[in-house]
Structure formats: C-alpha cells, structure tokens
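Thanks for coming. I will go through one structure today, part by part, and I will stop to ask a few questions on the way.

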Amino acid sequence: MDNEPDYRFTLANERTFLAWIRTSLALLACGVGVVQFVPDFGPKPLRLAAGLALAALALYLASTSYQRWQRVDDAIRSGRPLPRSMMPAVIAVGITVIVVLALVMILLG
C-alpha cells in the first residue's frame with residue numbers, strides 16, 4: 001500500500017506557496033517604489049505609511065507562507081481536512097488600507 005498522496009495535490013500546494021512568495025516580492029517592490037520613485041505622489045508621511053504597510057504585508061506573507069505550506073502538506077499526507085488560514089483576510093484588509101491611503105494621496109495631490 002502506497003502512503004504517498006497524489007502528486008497533483010503536493011504540486012498544487014507547492015504552486016500556492018510560490019504564489020504567496022511572488023505576491024510577497026511584488027508587495028515589497030511596490031513598497032519600495034512608493035517611497036523611492038514617486039516623490040510627487042502625495043505627502044511624504046502618507047507615502048512612507050503606504051510603503052511601510054506594503055513592506056509589512058510582504059513580511060507577513062513571506063514569514064507565514066512556508067508554515068502554511070507545511071501545515072497543508074501535513075494534512076494532505078495524513079488525510080486530514082486542510083487547515084484554514086488567515087492569510088487571505090489579512091492581505092485583503094491590508095490592501096484595503098493601502099488603497100484608502102492611495103486615494104487620499106491622489107485627492108491631496
């Protein structure tokens with residue numbers, strides 16, 4: 001009897017992990033870009049707040065994505081239900097805050 005899970009589930013879990021990492025890198029790049037490359041985009045304190053919020057989201061994703069991958073892999077291998085994650089909710093709230101900051105910067109500019 002083979003205890004290995006269907007490889008498609010394992011590879012899908014890995015692709016999801018890599019997508020979280022790519023998203024983290026994109027958020028970090030945006031954070032750096034807002035602070036360093038668009039000096040005319042709103043007041044500096046708001047740009048710094050947006051850049052820091054983007055970098056904080058990037059850090060959160062990068063630091064939790066491996067743990068998420070590991071928990072899902074363990075569940076797949078043991079036949080348990082997949083664990084729930086707060087990652088999508090945290091990212092949605094974080095992006096909402098950043099969008100509000102961007103709208104304020106646009107209106108002030």
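Which residues does the UniProt annotation "transmembrane region" cover? According to that record, an unreviewed entry, the annotation covers residues 20–39, 46–66 and 86–108. Keep in mind that what you see on the screen is a predicted model.

Let me take two of those spans and look at their shape in the model. Residues 20–39 are 85% helix and 0% strand, and the C-alpha atoms at the two ends lie 29 Å apart. For residues 86–108 the figures are 96% helix and 0% strand, with 33 Å between the end C-alpha atoms.

UniProt has another entry for this chain. Residues 8–73 are listed there as "domain: DUF202", again in an unreviewed entry. In the model, that stretch is 89% helix and 0% strand. Its end C-alpha atoms are 12 Å apart.

To see how the chain runs between those ends, look at the helices. Helix α1 takes in residues 7–36, and helix α2 takes in residues 44–78. How do the axes of α1 and α2 cross? They cross at roughly 170° and come within 7 Å of each other. Angles over 145 degrees count as roughly antiparallel, so α1 is roughly antiparallel to α2. What kinds of residues make up the contact of α1 with α2? Sorted by class, there are 21 nonpolar, seven polar and four charged residues.

Now the aromatic rings. A pair of rings is described with two values, the distance of the centres and the angle of the planes. Searching the whole structure gives two aromatic pairs. One of the pairs is F17 with Y66: the centres are 6.4 Å apart and the planes are at 80°, which makes the pair edge-to-face. F17 sits in α1 and Y66 in α2, with their positions 49 residues apart in the chain, so this pair links distant parts of the chain. Ring pairs also bring in W69, giving a cluster of F17, Y66 and W69. Is Y66 buried or exposed? Neither label fits, because its relative accessibility is 46% and Y66 therefore counts as partly exposed.

Next, the charged side chains. How many salt bridges does a search of the whole structure find? The search finds three.

I will start with R77 and E4. Their closest N and O atoms are 3.1 Å apart. R77 belongs to helix α2, while E4 lies in the segment before α1; the two are 73 residues apart, and the pair links distant parts of the chain. R77 is partly exposed at 38% relative accessibility, and E4 is exposed at 52%.

R77 has another partner, D73, at 3.0 Å from N to O. Why are R77 and D73 separated by about one helical turn? Because they are four residues apart in helix α2. D73 has a relative accessible area of 7%, so D73 counts as buried. Salt bridges with shared partners thus join E4, D73 and R77 into one network.

That leaves the bridge between D6 and R8, where the closest N and O atoms are 2.4 Å apart. D6 is partly exposed, with a relative accessible area of 26%, and R8 is exposed at 54%.

Finally, move along to the loop between α2 and α3, where α3 is residues 87–108. Two residues there are worth pointing at. S85 is in this loop, and at 26% relative accessibility S85 is partly exposed. How many Å separate the C-alpha atoms of S85 and S24? The separation is 16 Å, for two residues that are 61 residues apart along the chain.

M86 is in the loop between α2 and α3 as well. With a relative accessibility of 58%, M86 counts as exposed. From M86 to T96 there are 10 residues in sequence and 15 Å in space, taken C-alpha to C-alpha.

To go back over the main points: α1 and α2 are roughly antiparallel, the F17 and Y66 rings pair edge-to-face, and E4, D73 and R77 share one salt-bridge network. That is where I will stop.

Conventions: Residues numbered from 1 in each chain as written. Predicted model: local features only at pLDDT ≥ 70, side-chain atom pairs only at ≥ 80, totals over all residues. Heavy atoms only, no water. Phe/Tyr/Trp six-rings, centres within 6.5 Å; stacked < 30°, edge-to-face > 60°. Buried < 20%, exposed > 50% of the residue type's maximum accessible area, 1.4 Å probe, protein only. UniProt positions renumbered as here; feature names shortened; annotations may be inferred. Axes fitted to C-alpha atoms, helices over the stretch in contact; angles between N-to-C directions. Parallel < 35°, antiparallel > 145°, perpendicular 65-115°, else oblique. Nonpolar A, V, L, I, M, F, W, Y, C, P; charged D, E, K, R; others polar. Salt bridge = Lys/Arg side-chain N within 4 Å of Asp/Glu carboxyl O.
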